[in-house]
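Student: I am new to this structure and would like to learn how to read it. Could we go through a few features together?

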Amino acid sequence: MSASATPPTNNRSRVKLYTLNEERQWDDRGTGFVTCISPTTLNNSHSIIVKSEIDGSTLLESKIQLHTKYQKQQVNTRETMNIFRNFIFVIRKH
Amino acid sequence: MIVWSEGEKYDLALSFQEKAGCDDIWENICDVQGKDSTTFLTNSTSDSAVYESDDECIESNENYLSTTINLPPVDLTHLRDICDLFLPERVRDATRRDYLARAIESNNYVRKLIELFHMCEDLENTESLQQLYEIIRSIFYLNKSSLFEILFSEEFILDVIGCLEYDPTKQRKHREFLNQKATFKEVIPIGNQELLNKIHQTYRIQYIQDAILPAPSLFEENLLSTMNSFLFFNKVEIVTLLYEDPKFLSQLFSTLKDDQLSDDKRKDLMLFLKEFCVFSQTLQQQNRDNFFQVKHSFNEEYECVVVVAFVGTCNSWNFECYSSDACKSNRFINCSE
């Protein structure tokens, strides 16, 4: 792995990694710092790397494939949504 | 947040602390895949009903599906054809949904549909209005934030709600309700026009979610997840703007402390404060710290109000809350909803 694979440790690159389990729930796989690496001699593809903020171990190394459909979402969990459901109602009158 | 699948069942999500970080990685991915990361709204004024796709779509899609979606012209004779664009077998494929959404975006299609809607309302053409209901509803279920941006814009949102009145199974007067019955109450006057607009928009979207298109099942709720996100981020923005306003919280607390305050008004304020606290707990850490800093500065003077408000947040449905003065006089106001 090249040196460029070490992500900068700042808030901007700080992420939580989740994977979807068989019960369709998101499992928290840890918090770390993310970076994208360019092809190197060892690895001929672009990859997304997440290194743990605790011990620097690699939480994720994922090749960016051309056919993978990435989605950028501004999503929070359903549970979180329900908390907000009523927020706006206090500002109105029936 | 960036979400993708690897292999058949392995879904991954990266949740970013900062939006900028998300945008960084997103740009990288788009670069590698040869896509334009800034593609969002293309305000094409072209009248052409044919959507010409970009080259990269063909490339990434290996010609598996037609990348050009010909949208029928928006007129009475083509309403059935437009409805048919959204037939289940035609929107099952996620890639086709993307192309359809982009075609709708870039052809001013929503505007044309709304214009046709006005015409049909004038003609009292119920059959066509019900088809328009079906079309607008189907656009919601494409679940694309770029389309929600258009549907929820100040210009269109009431007309969109108008279209949604023509549900063949239960016709309801949503616009009348929103215009006449649901007047806004400002617990504390809000001077910021942008904030007010955001609140009004959010209220209307919330109304759509709760009253017009309530999710009959978890499955359908997922289909409208982007609308949820849209609402969520509107609310984050509202709360952020409120706590950044140097006068808002101080006015809130000094009003609460006022002996002359009516019980009704006090109740409104406490309900508001309660929601505000609940909401703040789920903001991102950074915002939350700021929020509690603001709160802390009021803590000494209005300790009782704040503490009680927090107690209130623990029992979310039925609780009694006190103002600082009310505590002393052993008076309480029931804020149960």
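Student: Which residues make the nonpolar surface patch of about 260 Å²?

Tutor: This is a predicted model, where local features need pLDDT of at least 70, side-chain atom pairs count only at pLDDT 80 or more, and totals for chains, interfaces and linings use all residues. Residues are numbered from 1 along each chain as its sequence is written, chains are lettered from A and ligands numbered from 1 in the order in which they are written, and side-chain values use heavy atoms, leaving out hydrogens and water. A nonpolar patch joins Val, Leu, Ile, Met, Phe, Trp or Tyr side chains within 5 Å, from residues with over 30% relative accessible area (Shrake-Rupley method, 1.4 Å probe, only the protein chains shown counting as cover) and no salt bridge (a side-chain nitrogen of Lys or Arg within 4 Å of a carboxyl oxygen of Asp or Glu). Here the patch is made by Leu76(B), Met119(B) and Leu123(B).

Student: Is Leu123(B) buried or exposed?

Tutor: Buried means under 20% relative accessible area, exposed over 50%, and partly exposed in between. Leu123(B) has 54% and is exposed.

Student: Which residues touch the most other members of the largest nonpolar core?

Tutor: A nonpolar core is a set of buried Ala, Val, Leu, Ile, Met, Phe, Trp, Tyr and Cys residues joined through side-chain atoms within 4.5 Å. Of the 54 residues in the largest one, these are Phe86(B), Ile104(B), Phe140(B) and Phe152(B). Helices are DSSP runs (H or I, at least four residues), numbered from the N terminus, and α7(B) gives the most to this core, with eight residues.

Note on methods:
Patch = residues over 30% accessible without salt bridge, like charges linked within 9 Å, V, L, I, M, F, W, Y side chains within 5 Å. Buried < 20%, exposed > 50% of the residue type's maximum accessible area, 1.4 Å probe, protein only. Helix = DSSP H or I, 4+ residues; strand = E, 2+ residues; numbered from the N terminus.
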